[in-house]
Amino acid sequence: DKGNHRHFMSKEIHEQPEVVSHTLASFVDMVDETIRLPENLPFDWRNLRRLTISACGTASFAGMIAKYWFERYARLPVEVDIASEFRYREAPLEEGGLAIFVSQSGETADTLAALRYCKEQGQHTLAVVNVPTSTIARDSDVVVRTLAGPEIGVASTKAFTCQLAALASLAIGAGKARGTLSVEQERELVHALIETPRLMAEALHLEHEIESFSRDLAKASDVLYLGRGTSYPLSLEGALKLKEISYIHAEGYAAGELKHGPIALIDETMPVVVIAPYDHIFEKTVSNMQEVAARGGRIILITDAKGAAAASMATLKTLVLPEMPALVTPLVYSVPIQLLAYHTAVIIGTDVDQPRNLAKSVTVE
Ligand code: M6R
């Protein structure tokens, strides 16, 4: 049932404040503002030397974002790879390490094969899945559930942000267990998580603005997405979302890579979506934007009030989100990224919920 929505994708985008809140509720003590991880884990966070994350598509971008969190908050080195590469690479893994698999369906063939490889290599396995009865859930030592509810749209939206909510909680829990986060730091981070559903609801208020502006994007034949830090994997996700449902060619890049190639593409016909919350690397991203502007590129800046003021340059469009702690920007900035792809596809008139050539669950390699 789509409710009042024209497509499942729209309904699922709008459900995010609620389902992210549900997912967080299984890890967060709302009163004490602390993280509660599953007890009796078969491994000790303090003894881990490395974490391996494998997944496909959107779930792999959630894994890439989680790498920034585990490394920063738990000081745990992370290797993240797309499952189809990881499964055949014969990666050497130290006995007793932890491998995490992220999957909405829990049935993705390559992710399942990566899980089996890791088991053979003596890894502890932890699955972040949305379908609790799935093969990946059944075959993993530990199951961490995302409570997104059934996701019907082929383009993943709410499953992605719920994966982020679960992975952020795990990273903070790992930091707590490893003693790399103080009680005060933990509380600050958990407080930020608790605020996230409200911030996502605020982000949904940008919908009309995004909808009217999508007419411009619908005319483009190529779109570039740029970001740094956790906004880099989010730029990959933004580009994937746009190409999946609107069939417009899009690429995501780390903003710092612009000079190393993609800048050659930029001219006045090329929209460039810049995902840049005002943070410690904002100024670096601004200098990349200046390079784009100098070549006539049309900038769509997604930022907050401080970022909008500090960027002080002409953009085709600036979308202003509330200010928020760095931890939660990937969850909240996902909303305008999804809405942009959605409304562009609606204007073009594609089959948004069932785009051509795509299956919801990829059970063959
Ligand atoms: O079910 P999974 O999370 O394992 O699926 C992984 C990918 O197939 C999936 O995220 C795909 O990239 C989506 N169509 C993205 O919108």
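This short talk covers the ligand site of a predicted model, then one lysine. Local features need pLDDT of at least 70, side-chain atom pairs count only at pLDDT 80 or more, and totals for chains, interfaces and linings use all residues. Residues are numbered from 1 along each chain as its sequence is written, and side-chain values use heavy atoms, with hydrogens and water left out.

Start with the ligand. Its shell has 14 residues, each with a heavy atom within 4 Å of it. Ser 103, Gln 104, Ser 105, Thr 108 and Glu 244 come nearest. By class, five are nonpolar, seven polar and two charged. Here Ala, Val, Leu, Ile, Met, Phe, Trp, Tyr, Cys and Pro count as nonpolar, Asp, Glu, Lys and Arg as charged, and the others, Gly among them, as polar.

Now the atom pairs. A backbone N or O atom of Gln 104 sits 2.6 Å from a ligand oxygen. For Val 154, a backbone N or O atom is 3.2 Å from a ligand nitrogen. Lys 241 brings a polar side-chain atom to 2.9 Å from a ligand oxygen.

How much of the ligand does the protein bury? The protein buries 91% of the 410 Å² that the ligand exposes when taken alone. Those areas come from the Shrake-Rupley method with a 1.4 Å probe. Helix H3 (57-73) and helix H10 (231-246) each give two or more residues to the shell. Helices are DSSP runs (H or I, at least four residues), strands likewise (E, at least two), numbered from the N terminus.

Last, Lys 317. It lies in strand S12, residues 317-321. Leaving out residues up to four places away in sequence, Lys 317 touches Glu 209, Phe 213, Ile 299, Ile 300 and Leu 301, with heavy atoms within 4.5 Å.

How values were computed. Polar contact = N/O pair within 3.5 Å; in protein donor to acceptor, adjacent residues only side chain to side chain.
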